[in-house]
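Trainee: Got a minute to go through this one with me? I'd like to ask about a few side chains.
Mentor: Sure, let's bring it up.

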Amino acid sequence: MATKLYISGEWVDGDSAAFESYDPAQGKVFEQVAQASTGQVNDAVTAARSAFNGSEWRDLLPVQRAALLFRLADLIDAHAEELAILETRDQGQPLGVSREVSVRGSAEHFRYYAGWVTKIEGTTSPISFPQTLHYTRKEPIGVNALITPWNFPLMILAWKLAPALATGNTVVIKPSEVTSLSSVRLVELAAEAGFPPGVINLVTGGGETGALLSAHPGVDHLSYTGSTAVGKLIAKASAESNLKRLTLELGGKAPSIIAADADIDAAVAGNLAGGLLNSGQVCAAYTRFYVDKKREQEFVEKLARGVSGMKLGSGLDAGTELGPLVSEKHLGHVQRLVETGRKEGAELVTGGQRADRDGYFFQPTVFAGVSDEMSIVHEEIFGPVLSVLSYDGPDELDSLIARANDTEYGLAATVWTKDIATSQRLANGIRAGAVFVNMPPIPDMAAPWGGYKASGWGREMGPQAIDAYTETKAVWLHYGY
């Protein structure tokens with residue numbers, strides 16, 4: 001029996017034929033998921049508009065709206081193990097990642113933005129008009145479409161949904177068709193928390209469902225996380241419909257720079273964590289490593305040794321460090337780019353092929369002798385593939401910055417050094433939305449997240465997400481006669 005859609009406070013069957021969701025650790029069908037029709041997408045947008053205009057949601061006091069978000073966070077905690085197992089079975093990530101990153105992180109996002117509800121303030125401005133008061137208000141945008149990816153479906157939905165609700169908006173959620181199940185469960189918990197009908201709506205389906213929302217004139221703001229190619233299609237659809245506001249968190253190709261003075265053992269451990277979290281299926285994953293030639297051989301040897309010792313397995317198995325890739329299709333994408341790297345002359349140090357077991361497992365892979373023009377340096381692989389390049393030392397920092405920036409992406413980067421001046425020179429020069437120094441790329445709900453260039457528009461999380469989900473209204477009050 002297939003999952004259902006959630007429209008105007010009611011769970012309903014999809015009008016179109018259901019589609020299959022797979023357990024990537026086994027390569028077998030896990031669940032049937034409802035496919036929304038065009039009419040049902042329209043119904044969901046209409047329900048969100050009605051709820052936005054209606055008094056039941058609009059007239060809630062800030063403390064009452066905050067209480068709903070706190071209640072949802074508590075429900076996530078109460079169902080934490082159920083959600084973690086569901087996320088692991090549907091997406092493949094190790095259970096420890098599901099528990100600590102996906103589930104706990106989701107609850108923290110709702111609590112963080114629940115705290116913001118009573119602190120969304122305007123400003124007064126010292127304008128140069130006599131006897132006139134000027135002030136601003138932060139008001140909700142209206143109907144928001146939230147389109148989420150397959151790599152961290154629960155957490156990324158939370159980091160969109162929490163600020164959207166905190167600011168008084170209504171939403172239509174469209175999760176990835178590859179990993180829809182934790183989003184369905186989160187909406188069930190939101191209904192239990194007591195959000196009014198129509199405030200939260202859920203339509204599951206493929207790319208065509210997302211395209212309907214992208215072009216829908218009834219959607220005021222769309223927040224999307226996913227590929228740059230799809231982000232461009234969304235931007236075009238928005239421009240051709242109603243110029244809806246867009247928040248786009250897109251692809252990445254994060255450079256990791258290892259200076260000669262770096263603690264190599266710490267750098268290897270941190271880069272394994274930053275490059276192979278969720279089997280490398282992370283938009284900010286560290287994928288291209290620029291190592292000072294003095295430390296290159298040591299770094300490659302220790303990186304390969306660390307990769308070779310990692311345990312592949314089902315995310316439900318104790319001790320699993322690397323789970324499967326999310327689908328057969330995505331495994332094929334990773335395999336093709338690895339083969340391209342070999343053909344273009346990169347030295348395969350370890351890994352490089354599909355693991356000999358059921359499911360969508362790919363061996364963690366290290367390439368050495370990589371040069372800047374190779375495809376594996378420029379294309380987003382989104383898998384457990386690490387490419388090592390080198391540079392000639394501190395005298396090359398300016399050219400190294402140029403090499404790190406030689407990509408269409410600009411989401412994240414990292415620097416490994418004990419020298420504060422080196423870290424700041426590189427952090428200031430690299431064009432990326434987030435630069436981490438001596439640490440893996442783990443976002444936090446209190447810090448802004450987003451990219452430069454083809455990595456997207458706008459910022460999510462932190463106070464900046466309040467801006468993403470609000471309009472600023474200026475009020476001019478002349479009190480002279």
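Trainee: Let me start with Trp 449: buried or exposed?
Mentor: Trp 449 is buried, as its relative accessible area is 4%. Keep in mind that this is a predicted model.

Trainee: Which residue does Trp 449 form an aromatic pair with?
Mentor: With Phe 436. The ring centres are 6.3 Å apart and the planes make an angle of 50°, a tilted pair.

Trainee: And where do the two partners sit?
Mentor: Phe 436 is in strand β18, residues 434–437, while Trp 449 is in the loop between β18 and β19. That puts them 13 residues apart in the chain. Phe 436 counts as buried too, at 10% relative accessibility.

Trainee: How many aromatic pairs are there in the whole structure?
Mentor: Seven turn up in a search of the whole structure. One of them is Trp 57 with Phe 195, where the centres lie 6.1 Å apart. The planes there are at 50°, so this pair is tilted.

Trainee: What parts of the chain does that pair link?
Mentor: Distant ones: Trp 57 belongs to helix α2 (residues 55–58), and Phe 195 to the loop between α7 and β8. The two are 138 residues apart, and both Trp 57 and Phe 195 are buried.

Trainee: Switching to charges over rings: what lies over the face of Phe 361?
Mentor: Arg 357 does, at 4.4 Å from the ring centre.

Trainee: OK, salt bridges next. How many does the structure hold?
Mentor: It holds 25. A nice one to look at is Lys 160 with Glu 460, where N and O are 2.9 Å apart.

Trainee: Why do you pick that pair, what does it tie together?
Mentor: Lys 160 is in helix α6 (residues 153–166), whereas Glu 460 is in the loop between β20 and α16, so the bridge ties together parts that are 300 residues apart in sequence. Both Lys 160 and Glu 460 are buried.

Trainee: Which residue does Arg 185 form a salt bridge with?
Mentor: Glu 188, with the closest N and O atoms at 2.8 Å. Both residues lie in helix α7, three residues apart, which is about one turn of the helix.

Trainee: Is Glu 188 buried or partly exposed, and what about Arg 185?
Mentor: Arg 185 is buried, with a relative accessible area of 16%, but Glu 188 is partly exposed at 32%.

Trainee: And which residues do salt bridges join into one network?
Mentor: Asp 265, Arg 295, Glu 298 and Lys 302, through bridges that share partners. Glu 177 and Lys 174 also form a bridge, with the closest N and O atoms 3.5 Å apart. In that pair Glu 177 is partly exposed at 31% relative accessibility, and Lys 174 is buried at 4%.

Trainee: Now the backbone. What is phi for Met 461?
Mentor: Near 65°, a positive value in a residue other than glycine. Most residues other than glycine have a negative phi. Met 461 is in the loop between β20 and α16, and Met 461 is buried, with a relative accessible area of 0%.

Trainee: How about phi for Gln 131?
Mentor: Gln 131 also has a positive phi, about 50°, although it is not a glycine. You'll find Gln 131 in the loop between α5 and β5, and at 44% relative accessibility Gln 131 counts as partly exposed.

Trainee: Over to the surface: which residues form a nonpolar patch?
Mentor: Leu 133, Leu 477 and Tyr 479 do, with about 280 Å² of accessible area together. Leu 477 is in strand β21, residues 470–478, and counts as partly exposed at 43% relative accessibility.

Trainee: I also clicked on Ala 432. Where is its place?
Mentor: In the loop between α15 and β18. Ala 432 is buried, with a relative accessible area of 8%. Its C-alpha lies 6.6 Å from that of Ala 413, and the two are 19 residues apart in sequence.

Trainee: Last one: what does UniProt list for residues 11–475?
Mentor: The unreviewed entry gives "domain: Aldehyde dehydrogenase" for that stretch. In the model, residues 11–475 are 41% helix and 21% strand, and the end C-alpha atoms are 41 Å apart.

Notes
Residues are numbered from 1 along each chain as its sequence is written. This is a predicted model: local features need pLDDT of at least 70, side-chain atom pairs count only at pLDDT 80 or more; totals for chains, interfaces and linings use all residues. Side-chain values use heavy atoms; hydrogens and water are left out. Rings of Phe, Tyr and Trp (its six-membered ring) pair if their centres lie within 6.5 Å; planes under 30 degrees apart count as stacked, over 60 as edge-to-face and the rest as tilted. Helices (H or I, at least four residues) and strands (E, at least two) are DSSP runs, numbered from the N terminus. Buried means under 20% relative accessible area, exposed over 50%, partly exposed in between (1.4 Å probe, protein chains only). A charge sits over a ring if NZ of Lys or CZ of Arg is within 6 Å of the ring centre and within 35 degrees of the ring normal. UniProt positions are given in the numbering used here, feature names are shortened, and annotations may be inferred rather than shown by experiment. Patches are made of residues with over 30% relative accessible area and no salt bridge: like charges are joined within 9 Å, nonpolar side chains (Val, Leu, Ile, Met, Phe, Trp, Tyr) within 5 Å. Accessible areas come from the Shrake-Rupley method with a 1.4 Å probe; for residues, only the protein chains shown count as cover. A salt bridge is a side-chain nitrogen of Lys or Arg within 4 Å of a carboxyl oxygen of Asp or Glu.
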